Amino acid sequence: MITIPHPIASMARSRPQHTVITAKDGSLSAQQLLDAVNSFAFTLVNHDVQVGSVVGLVGPADLNWVVAYHAISWIGAVVAPLPYTIPATTNAELERALNTLQPEFIIATQSCDSVLLKSLASLNIIPTHAQGNSDRIAERFWPLNEPRLCILTSGTTTGKPQSITLSTSQLLFSAFGSATRLGLLPNDSWLACLPLWHVGGSAIIWRSAFYGTHVHLLPKFDATTINKHIDSGKINLISLVPIMLERILDARNDTVFPSSLRAILIGGSATNQSLRLRCQAINAPISISWGMSETASQVATAFPGVIPDTDSVGPVLPFASIHLDKDEVLTVAGPLAPNGNFITHDIGAIESNGNIQIKGRIDDVIITGGKKIIAKEVEQVLCQHEAVANAAVVGIYNASWGETPAAFLVSSDDKKRPNDSELMEFCAKALPNYAIPRHFFWRQIIEQTSLGKIARGALRSEAALLIKDANDRSQ
């Protein structure tokens, strides 16, 4: 069995005084991080955490969280990051996460909100302020096939996140596949503002551990604060979802980014054409990507600053291969995929230049009368109307046709807002009759997940209720 040295120990051996983590509560060098990890690992052992134990981790993005994250892996346990919001949550999201991940132990960092701690009081809590031991636990190498991280999917379509277990091998190949596309320098600093309980946020932590580079953690997303960090010249890399990038550009009035910022990794949801053009105009070093929790984040990624004219997400990374089945469903093969092969929930195409194009998700395909409608294509048509700023299309059950499309719309100009008949006539210019939505619902915003994805499961449920209520009133 192949094993690898623990990345935190490797960092400390190579550059012990190099600062590797900065947060609101201070900074740690590689050696200081190793010492803190070792100390807290004793606490975990004293609480009977063992190799293979699943340990939930909840708290704000700070030094305590990072130390606990690495201490769990130091003894060979599996870290399971839990949702944490400010004000701290007692909400259904955390309850669902606990029910889905089923951690044997929970670490609540000392910065946790008191309300949250009370809600977890009945569980097996290990506080990070518990004292460790000054002795050292011997470094334990990581077997490549050993479970390392238990993460939740976004639950975009169903609203019910699933638990995904990632191996050492997946994390390792993910980190170095990403580095080959984005580049890697010894003094890189990655600004982390994505939720750490999602794969995109957690990936920053493990990547930087393998690289031995610096991470600057932010407790929450704030466009003004992020722009200050970027413009300081000390940040080289940042991960964002499209809506975050839009807000950052708004806050800086589309001012050109400093040359010190090498790459803006964009993922989580589709990057629309208007945002691509906006970035193109200021030569923003965006790197559009596509990936998923099951593959430890990135699978295909465009080179920084190379913005495809089409809806492509760039070429596939090293250590992965992509092919299509007869229904255009994308399948990932190689060490990034669980068990070497994974059939995704995305439909797409492989362009002649090797770029991967994402057309939508299987779950977003609406089947009406045996014909296939891709929601994203209908949304693109609707957004071409001068009064439509945003659109989301979902399939609604229909006894005769199986499903019919319904659209949620955000207005760009209420004075020019069209009625349903006018919208259907507009769509008819670009869509076949069966793909034209039969129901339109106007909203101030379209419901999204915490990563900016359309919450289609919630929208389907809402549309079904609205249509039922309208039918009941008409009878």
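Contact here means heavy atoms within 4.5 Å. The structure examined in these exercises is a predicted model.

**Exercise 1. Determine where leucine 409 lies, whether this residue is buried or exposed, and which residues it touches.**

Solution. Begin with the secondary structure: leucine 409 belongs to strand E25, residues 402–411. Next, consider accessibility. A residue is buried when its relative accessible area is under 20%. Leucine 409 has a value of 0%, and is therefore buried. Finally, list its contacts, setting aside residues up to four places away in sequence: Leu382, Val388, Asn390, Ala391, Leu423, Phe440, Phe441, Trp442 and Arg443. As for cysteine 193, its C-alpha lies 29 Å from that of leucine 409, with a separation of 216 residues in sequence.

**Exercise 2. Describe how helices H1 and H7 pack, and which residues make the contact.**

Solution. First, take the geometry. H1 (residues 7–14) and H7 (residues 199–211) meet at an angle of about 40°, and their axes are 7 Å apart. H1 is therefore oblique to H7. The crossing of H1 past H7 is left-handed. Second, identify the residues: H1 contributes Pro7, Ile8 and Met11, while H7 contributes Ser208, Ala209 and Phe210. Third, classify them: 5 are nonpolar, 1 is polar and none is charged. Last, place H1 in its surroundings. Its buried residues are Pro7, Ile8, Ala9, Met11 and Ala12. These buried residues pack against strand E2 (19–23), helix H2 (30–46), H3, strand E8 (142–143) and H7.

**Exercise 3. Identify the residues that touch the most other members of the largest nonpolar core, and the helix that gives the most to this core.**

Solution. The core contains 63 residues, of which Leu33, Leu44, Ile107, Leu166, Trp206, Phe210 and Leu217 touch the most other members. Helix H3 (residues 63–74) gives the most, with 9 residues. Leucine 33 may then be examined in detail: beyond its neighbours within four places in sequence, it is in contact with Ile8, Met11, Val20, Leu28, Val66, Val67 and His70. Another core, of 40 residues, lies apart from the largest one and includes Ile238, Ala284, Met292 and Ala337.

**Exercise 4. State what is noteworthy about phi in alanine 296 and serine 297, and where each residue lies.**

Solution. Start from the general expectation: most residues other than glycine have a negative phi. Alanine 296, although not a glycine, has a positive phi of about 60°. Serine 297 also has a positive phi, near 90°. Alanine 296 is in the loop between strand E15 (286–292) and strand E16 (297–301), whereas serine 297 lies in strand E16. Alanine 296 counts as buried because its relative accessibility is 0%; serine 297, at 8%, also counts as buried.

Notes. Residues are numbered from 1 along each chain as its sequence is written. This is a predicted model: local features need pLDDT of at least 70, side-chain atom pairs count only at pLDDT 80 or more; totals for chains, interfaces and linings use all residues. Side-chain values use heavy atoms; hydrogens and water are left out. A nonpolar core is a set of buried Ala, Val, Leu, Ile, Met, Phe, Trp, Tyr and Cys residues joined through side-chain atoms within 4.5 Å. Buried means under 20% relative accessible area, exposed over 50%, partly exposed in between (1.4 Å probe, protein chains only). Helices (H or I, at least four residues) and strands (E, at least two) are DSSP runs, numbered from the N terminus. Axes are lines fitted to C-alpha atoms, for helices over the stretch in contact, and angles run from 0 to 180 degrees between N-to-C directions. Angles under 35 degrees count as roughly parallel, over 145 as roughly antiparallel, 65 to 115 as roughly perpendicular and the rest as oblique. A crossing is left-handed if the near helix is turned anticlockwise from the far one by less than a right angle, and right-handed if clockwise. Ala, Val, Leu, Ile, Met, Phe, Trp, Tyr, Cys and Pro count as nonpolar, Asp, Glu, Lys and Arg as charged, and the others, Gly among them, as polar.
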